[in-house]
2 protein chains.
Amino acid sequence: MIFRQLFDGASSTYSYLLADEASRQAVIIDPVDTMVARDLQLLQELQLTLVYSLETHVHADHVTGGGLLREKTGCQTALSAAAGVGCADRQLRQGDSIEVGGIALQVIETPGHTDGCISFYGSGRIFTGDALLIRGCGRTDFQSGDAGLLYESITQKILSLPDSTLVYPGHDYRGFTVSSIAEERQLNPRLQFEKSAFVAHMNGLKLDNPRKMDVAVPANLACGARK
Amino acid sequence: MIFRQLFDGASSTYSYLLADEASRQAVIIDPVDTMVARDLQLLQELQLTLVYSLETHVHADHVTGGGLLREKTGCQTALSAAAGVGCADRQLRQGDSIEVGGIALQVIETPGHTDGCISFYGSGRIFTGDALLIRGCGRTDFQSGDAGLLYESITQKILSLPDSTLVYPGHDYRGFTVSSIAEERQLNPRLQFEKSAFVAHMNGLKLDNPRKMDVAVPANLACGARK
C-alpha cells in the first residue's frame with residue numbers, strides 16, 4: 001500500500017492518501033482546499049486514480065478540498081449520513097466499508113466533537129479526525145458537540161481496537177504525527193478521567209471559536225463550495 | 001521498532017525518534033532546542049532511554065536540541081567529523097555505524113549543502129538532512145556549500161540505495177512527510193538535470209539567508225549553546 005500523511009500548516013490539518021499499489025486506485029481523507037494543487041500533483045506523479053475523497057466530519061477550521069477534487073478527478077465524495085451534507089455522493093453509516101483496490105476502510109461512527117463524526121479503520125490504522133487527537137481530543141462546544149457522547153465514542157469504540165493500531169489524527173498542534181491505541185489509552189491526559197469528570201472538564205473549557213468557522217462550516221456543508 | 005517523525009512548525013524541521021522496543025534505547029536525529037520539552041516528555045512517556053542525539057549537519061535555520069538533551073538525559077551527541085564541532089561526543093565518518101539496541105544506522109557522508117553533511121541509513125529508511133529533500137535539495141550557497149559535491153552525494157550515494165527505501169528529509173515546506181528513493185530518482189525536478197546544469201541552476205539561485213542563521217550557526221558549532 002502507498003500511504004502518505006500530508007500536512008497543512010495554516011490549519012495544522014493532516015490529510016491522508018492511501019492507494020493500492022497494483023490497481024493505482026486511491027482515497028484521500030480530509031483534504032484541504034488550499035492544498036488541492038499539491039494533492040493533485042502528487043496523485044499525478046504517483047500515477048494514482050482518486051476514487052474517493054472522504055471526510056471525517058464537517059470541519060470548522062478549514063474548507064474541505066473534496067469538492068475541488070471531485071471536480072478535477074471525478075472522484076466520489078463521502079462522509080457521515082449524520083453530517084447533513086446532501087451534496088456528498090455517498091452517505092456513510094456505522095459498519096459501512098470503503099473499498100478501493102486492495103484497501104478496505106471500515107466506517108466507525110465516533111460522534112461527540114460533532115454529531116456527524118466518523119473514523120476510518122483499516123490496514124492497522126485508524127483515522128480519527130477530531131474525535132481522538134494525540135494526547136488530546138476534539139472540543140465539544142459547538143456543531144452539536146457532546147462531551148458524554150465523545151467519551152463513549154473514544155472509550156467504547158476507538159480504544160477497543162488492538163493496542164498496536166496506529167492512530168492518525170485530523171490535527172496536531174505540537175508536531176506529533178502518529179500515536180497508537182495502547183499509547184493513547186495509557187497516556188492521553190483526558191482519558192484518565194471517569195466519564196463525569198471528562199464531561200465536566202470539557203464543558204468547562206473556554207475556547208475561542210476557530211478563526212475560519214464562519215466561512216468553513218457553510219462551505220463544508222456545501223461540499224467545499226465557498227459563497 | 002518505535003519510530004516517530006516530529007515536526008517543528010517554526011523552522012519546518014523534522015526530527016526523528018527511533019527506539020528499540022525490547023531494550024527501550026533510543027536515538028533522536030536533528031532535535032530542535034525549542035522542542036526539547038516535548039521530546040523529553042515523549043521519551044519519558046514511552047519509557048525510553050536516549051543514547052544518542054545525532055545531527056545530519058550544522059543547521060543554519062534552527063538551534064539543535066542536542067546540547068540540552070545531553071544535559072538532561074546524559075546521552076551522547078554525534079555528528080560528522082567534518083562539521084568541526086569539537087564539543088560533540090562522537091565524530092562520525094563514512095561507514096561508521098550507530099548501534100542502539102537492535103537498531104543500526106549507517107553513516108553516509110553526503111556533503112554539498114554543507115561540507116559536514118551526513119545521512120543516516122537503516123531499517124529501510126534514509127534520513128537525508130538537507131542533502132536530499134522531497135522533490136528538492138538543500139541550498140549550496142553558504143557554509144562551504146558546493147553544488148557539484150551535492151550532485152555527487154545525491155546521485156552516487158543516496159540514489160544508489162534500494163528503490164523502496166523511505167526518504168525522510170530534514171525539512172519540508174509543503175506538508176510532505178516522506179518519499180522514496182524510486183520516487184525522488186524519477187520525480188525530483190532538480191535531479192532531472194545533468195551535473196553541469198544542476199550546478200548552474202543551484203549557483204543561479206538567489207536566496208535570502210535563513211532568518212536565524214547568525215544565531216543558529218554559532219550555537220550549533222557549540223553543541224546548541226546560545227551566546
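Me: In the hairpin of β1(A) and β2(A), which residue takes a positive phi?
Reply: This is a predicted model. Four residues stand between the two strands of that hairpin in chain A. The strands, β1 (residues 2–8) and β2 (residues 13–19), pair in the antiparallel sense. Among the residues of the hairpin, the one with a positive phi, near 50°, is A:Ser12.

Me: How many bridges pair β1 and β2 of chain A, and in which sense?
Reply: One of the pairs puts A:Phe7 of the hairpin opposite A:Tyr14, its bridge partner in β2(A). Strand β1 covers residues 2–8 and strand β2 residues 13–19 of chain A. They pair in the antiparallel sense, and the number of bridges is seven.

Me: In chain B, which residue of β2(B) is the bridge partner of B:Gln5?
Reply: Strands β1(B) and β2(B) run antiparallel and are joined by seven bridges. B:Leu6 stands opposite B:Ser15 in β2(B). For B:Gln5, the bridge partner in β2(B) is B:Tyr16.

Me: Which residue takes a positive phi in the hairpin of β1(B) and β2(B)?
Reply: The hairpin of chain B has four residues between its strands. The residue in question has a phi near 50°. It is B:Ser12.

Me: What is the strand order of the open sheet in chain B, and which strands are at its edges?
Reply: The open sheet has six strands with mixed pairing, in the order β1-β2-β3-β4-β5-β6. Two of these strands pair on one side only. The edge strands are therefore β1 (2–8) and β6 (90–92) of chain B.

Me: Which helix packs on this sheet, and what angle does its direction make with that of β4(B)?
Reply: Neighbouring strands of the sheet are turned by 20° against each other on average, direction ignored. Helix α2 (residues 66–73) of chain B packs on the sheet, touching β3 (25–29), β4 (49–54) and β5 (76–80). The direction of α2 makes with that of β4(B) an angle of about 155°.

Me: Where does A:Ser53 lie, and is A:Ser53 buried or exposed?
Reply: A:Ser53 lies in strand β4 (residues 49–54) of chain A. Leaving aside neighbours within four places in sequence, A:Ser53 is in contact with A:Ile28, A:Pro31, A:Gly66, A:Leu69, A:Arg70, A:Cys75 and A:Thr77. There are 31 C-beta neighbours inside 10 Å, so A:Ser53 counts as buried.

Me: How are chain A and chain B related?
Reply: Chain A can be laid on chain B with an RMSD of 0.0 Å. The operation is a turn of 180° with a shift of 0.0 Å along the axis. The two copies are thus related as by a two-fold rotation axis.

Me: In chain A, which residue has the C-alpha nearest the axis?
Reply: The axis is that of the turn of 180° that lays chain A on chain B. The nearest C-alpha of chain A is 3.7 Å from this axis. The residue is A:Gly9.

Me: Which element gives the largest share of the side of chain A that touches chain B?
Reply: The contact takes 15 residues from chain A and 15 residues from chain B. On the side of chain A, the elements that give two or more residues are β1 and α1 (36–45). The largest share, five residues, comes from β1(A).

Me: How do the residues of that side of chain A divide by type, and why do the copies meet through the same surface?
Reply: The copies meet through the same surface because 100% of the interface residues of chain A are also interface residues in chain B. By type, the side of chain A that touches chain B divides into six nonpolar, four polar and five charged.

Me: Within what arc do the buried residues of α3(B) fall?
Reply: In helix α3 (residues 147–157) of chain B, the buried residues are B:Ala147, B:Leu150, B:Tyr151, B:Ser153 and B:Ile154. They line one face of the helix, seen down its axis. This set packs against β11 (132–133), β12 (136–137) and α5 (195–204) of chain B. The arc is 165°.

Me: Is A:Gln143 buried or exposed?
Reply: A:Gln143 is found in the loop between β12 (136–137) and α3 (147–157) of chain A. Although not a glycine, A:Gln143 has a positive phi of about 50°. With 20 other C-beta atoms within 10 Å, A:Gln143 is buried.

Methods
Residues numbered from 1 in each chain as written. Chains lettered and ligands numbered in written order. Predicted model: local features only at pLDDT ≥ 70, side-chain atom pairs only at ≥ 80, totals over all residues. Axes fitted to C-alpha atoms, helices over the stretch in contact; angles between N-to-C directions. Contact = placed C-beta atoms within 7 Å. Least-squares fit on C-alpha atoms with pLDDT ≥ 70 in both. Buried ≥ 20, exposed ≤ 12 C-beta atoms within 10 Å, placed from the backbone. Nonpolar A, V, L, I, M, F, W, Y, C, P; charged D, E, K, R; others polar. Arc of directions from axis to C-beta.
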